[in-house]
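Here are some short exercises on enclosed spaces and one side chain. Try each one by eye before you read the solution.

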Amino acid sequence: MSTSLKQEATLEQAIELGLRADEFEMIKGILGRTPNFTETAVYSVMWSEHCSYKNSIYWLKQLPKDGPHMLVKAGEENAGLVDLGDGIGCVFKIESHNHPSALEPYQGAATGVGGINRDIFTMGARPVAQLNSLRFGDLEEARTKWLVKGVVKGIGDYGNAFGIPIVGGEVFFDKSYNQNPLVNAFSAGIIDTKKVISAKAKGPGNPVYIVGSATGKDGIAGAAFASKDITEESAQDLPSVQVGDPFMEKLLLEATMELANTDAIVGMQDMGAAGITCSTCEMSAGGGVGMEIHLDRVPTRQENMLPYEILLSESQERMLVVIQKGKEQVVKDIFTKWDLHAEEIGTVTDDGRVRYYMHGELVGDVPAESLVLGGGAPQYQREYSEPAYFQEYKKFDIHSVEQPENLKEVGFFLLGQPNIASKRWIYEQYDSMVGTKNMSTNRPTDAGIVNLKGTGKALAMTVDCNSRYVNADPETGTAIAVSEAARNIVVSGGIPSAITNCLNFGNPYNPESYWQFVGAIKGMSKACLKFETPVTGGNVSFYNQSNIGGKEIPVFPTPTIGMIGVVEDKSKIMSLDFKQKGDLIFVLGDSTDCISSSEYLTKYHKIDASPAPHFDLDKEYALQESIKGLIGLELINAAHDCSDGGLFVTLVEMSMPRGLGFDIVTDSEVREDAFLFGEAQSRVVVTVPEETEEEFIEYMMESGVNSTLLGHVTKGKMMVDDEHFGFISEAKEIYDNALGKLIEG
């Protein structure tokens, strides 16, 4: 065979591809020669931040990975796998698609949904539910409205056509996201734990197949694109944004499910970031083998594609599959049935090297281990330093804020804020019932609930992160994010099991941004250990910032937490809605003089500089344990986490589903605005029917958790300290329509 390995790449080419000069020297040392352009391109994507986690892996290794339900740990396969009992497992993961969505919101978001679902079903799990966590800028800006409309339509169109229900999520608006929105997609699937498909290649001589769509020039170097700043020139990177086809993905899902029931499959991996490059190198390194890959056998959508274009393309709906030798026909028949490509493009070898050929010519020869996360890819510990604002925020004093005279006006103001108002304009574009797996659509719950058919159990899931809290105090704010996720699952009747994370931060070479990242890891570790919710995986997305006048302005640090839990008895799923007039309303947990980092302080008083809200991890844990007991003993008939907007918003949200209301008194020892609108953590509002009141009070006294009687459920009025705050119908009108008016206005 002839070879083109002698055509050496230059340092300029390496830098143009996103490598640093010292990394180019490292590659020369690994290969014992200067790489050619194709090999340099391979290293540039595999050593990009997006694929190698080179600036984060040291800290990611500090996260807790062991827990009582773990079957597959972080980094071992495409996604984490948790044991749900009865031979059933849950595969789940969250990933970002931020930069593509900033440039082409529709396709950027749609392909994010497609990619995360492929991570689930390539392990042999059938996706049953999706969530998403979205961040946008100021809704006064025309570009923000354009981004919101495009992202939401992309998620809805792809998810609805693919046929997986979207059962919940979160949306947050802040001007820090004006140029750089965040689109984090979460998917969960159910699997027979005896039928898990590995992402490791094994067995020298076994054939390697590419299945699914043809390969085009869309998404070339997308991983490298995700590893740099968004600038005014970024629009020139539009080929880095992939194009999705949900109908093709649906065919791929069904073919994969059929394949999982055969003995023909050795290993399989989604072609996401870095395409063929990533899947061939990671599968080889994972199994301690190598591969010979013939790029001219890859079905392409354009003629005369160059080797590096085929290798770096991130065309969607493609997977790499290693087949048991002799079982090729089984695979071909399944993919022919589903009208999909299944082309043999190479074989597994035993020497740990991946060799790429084009028309018989060797165009790349690299050791697989040198390219992958945790292998030979570089690992850095960046410098970090506390930003000056951190100590400034701590100086905030509630006494410097005058309490408004008209608190009813404040309450209605908050209900119209985009971070609090109903996200109905968004979720009505999503199908939450497709596939008929979902149980919670008509029962409002803090977590999404999915039926586990054939069992008495259900799966609870949520995505949470208040990035304003994290910005104010990364360690405390991230511990709050984990705690709120656990709280949402617990008040819905579940037991938290494990998390996945999507760590969205600024430039890792900026010491202040990196300080935020390190603090977030510490806070996450602390909370995950407390709740026994290990980290199963996820992704890191750096370089989320706006470049304004040559200055980098990072987004709020956003470590999104995706958590799953198990509802052991689905007859005890707990909803948040008030059930009947006369039920007693209690708040569990401590009420304090805290308005720090609240929507009330930020939006009503326009004060950004304050610390994270009051939080005590031990008290949070005790609160959640008490709620598990209350639900288990059937002493309450509604429960709702007290979070954004504070107690008043929580009560309104509990009132609206059935058109009920509330009559409450505030605590004379706490400022009235803090009591109603403060966001001090570790509080849950519950309702207690008359017949269980005595037992409830006895239980709470024994638990050691504070419980305060607020008042009772009314027919539709809102009363606070004998003052008429209006009717729930008025509140609902504002809450339901505010966001739509802002987006469409």
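**Exercise 1.** Find which residues line the second largest cavity, and sort them by character.

*Solution.* Start with the lining (residues with an atom within 4 Å of a cavity point): Ser591, Thr592, Cys594, Ala674, Phe675, Gly678, Glu679, Ala680 and Arg683. Next, sort them, counting Ala, Val, Leu, Ile, Met, Phe, Trp, Tyr, Cys and Pro as nonpolar, Asp, Glu, Lys and Arg as charged, and the others, Gly among them, as polar. This gives four nonpolar, three polar and two charged residues. Finally, the volume is about 30 Å³, taken as the space filled by probe spheres set on the points.

This is a predicted model, where local features need pLDDT of at least 70 and side-chain atom pairs count only at pLDDT 80 or more, while totals for chains, interfaces and linings use all residues. Residues are numbered from 1 along each chain as its sequence is written, and side-chain values use heavy atoms, with hydrogens and water left out.

**Exercise 2.** Work out which strands each supply at least two residues to the lining of the largest cavity.

*Solution.* A cavity is a set of points on a 1 Å grid over the protein atoms alone where a 1.4 Å probe fits but cannot get out. The lining here is Val113, Gln130, Leu131, Asn132, Ile155, Asn184, Ala185 and Phe186. Now match these to the strands (DSSP runs of E, at least two residues, numbered from the N terminus): strand 4 (126-136) and strand 6 (182-192) fit. The lining has five nonpolar, three polar and no charged residues, around a volume of about 40 Å³.

Conventions:
On a 1 Å grid over the protein atoms alone, a cavity is a set of points where a 1.4 Å probe fits but cannot get out, and a pocket is an open set with protein on both sides within 12 Å along at least five of seven lines; lining residues have an atom within 4 Å of a point. Helices (H or I, at least four residues) and strands (E, at least two) are DSSP runs, numbered from the N terminus.
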